[in-house]
Amino acid sequence: MRNRVEVMHGVNLDQLGRRDPSHYGELTLEELERGISGAAHELGLEVRFFQSNHEGKFVEHLHRLKGMADAIVLNPGAWTHYSYAIRDALELTRLPAVEVHLSDIESREQWRRHSVITDLCLTRISGRGPDGYRDALECLRTEMGE
Ligand code: DQA
């Protein structure tokens with residue numbers, strides 16, 4: 001069974017714990033990843049994590065995924081709203097992907113409502129906080145099991 005999921009966090013997500021808790025909660029990235037690992041374990045999935053504040057590094061990591069991962073969970077942070085480079089690299093992977101946002105991007109500033117990657121993803125989960133990552137893993141497990 002395919003079960004390797006790459007969880008990718010983009011720009012400024014390494015600063016969780018310092019960012020506005022009303023949008024992003026209080027967990028640090030390390031604590032968030034611990035929770036995601038626990039959920040993955042329960043679901044029988046293998047997860048690996050990647051975070052970068054450098055768009056090119058994020059793109060190159062997507063390039064490297066072929067043969068290394070079966071699916072992707074990604075929260076590109078602010079790149080979500082404008083990075084066609086990340087969009088093109090995600091498309092190149094040809095892997096099933098789910099877009100996750102901790103905050104509800106629909107109910108914030110106008111510029112956050114648009115995502116350049118949503119149509120490449122199975123679904124977008126936004127505003128569910130850390131639980132959104134579990135939802136994403138469940139969605140991908142169903143997809144990979146088929
Ligand atoms: C975010 C939402 C983005 O608009 C923002 O730039 C982020 C985090 C989220 O998880 O809610 O950095 O992707």
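**View 1. Contact between the ligand and the side chain of S103 in the predicted model.** An N or O atom in the S103 side chain lies 2.6 Å from an oxygen atom of the ligand. Of the accessible area that the ligand has on its own, 330 Å², the protein covers 99%. S103 is also one of the residues around the ligand.

**View 2. Contacts of the ligand with H81 and L102.** For H81 the contact is through the side chain, where an N or O atom is 2.7 Å from a ligand oxygen atom. For L102 the contact is through the backbone, with an N or O atom 2.8 Å from an oxygen atom of the ligand. Both H81 and L102 are listed among the residues around the ligand.

**View 3. The shell of residues around the ligand.** The shell consists of R19, Y24, N75, G77, A78, H81, H101, L102, S103, I105 and R112. Sorted by class, four of these residues are nonpolar, five are polar and two are charged.

**View 4. The largest pocket, which is the space taken by the ligand.** The volume of this pocket is about 180 Å³. Its lining is made up of 17 residues. Those nearest the pocket centre are R19, Y24, G77, A78 and R112, and these five residues also belong to the shell around the ligand. By class, the pocket lining has seven nonpolar, seven polar and three charged residues.

Notes:
Residues are numbered from 1 along each chain as its sequence is written. This is a predicted model: local features need pLDDT of at least 70, side-chain atom pairs count only at pLDDT 80 or more; totals for chains, interfaces and linings use all residues. Side-chain values use heavy atoms; hydrogens and water are left out. On a 1 Å grid over the protein atoms alone, a cavity is a set of points where a 1.4 Å probe fits but cannot get out, and a pocket is an open set with protein on both sides within 12 Å along at least five of seven lines; lining residues have an atom within 4 Å of a point. Grid points are joined across faces, edges and corners, and a volume is the space filled by probe spheres set on the points. Ala, Val, Leu, Ile, Met, Phe, Trp, Tyr, Cys and Pro count as nonpolar, Asp, Glu, Lys and Arg as charged, and the others, Gly among them, as polar. A residue is near a molecule or strand if one of its heavy atoms lies within 4 Å of it. A polar contact is a pair of N or O atoms within 3.5 Å; within protein, one must be able to donate a hydrogen and the other to accept it, and residues adjacent in sequence count only if both atoms are side-chain atoms. Accessible areas come from the Shrake-Rupley method with a 1.4 Å probe; for residues, only the protein chains shown count as cover. A molecule sits in a cavity or pocket if more than half of its atoms lie within 2 Å of its grid points.
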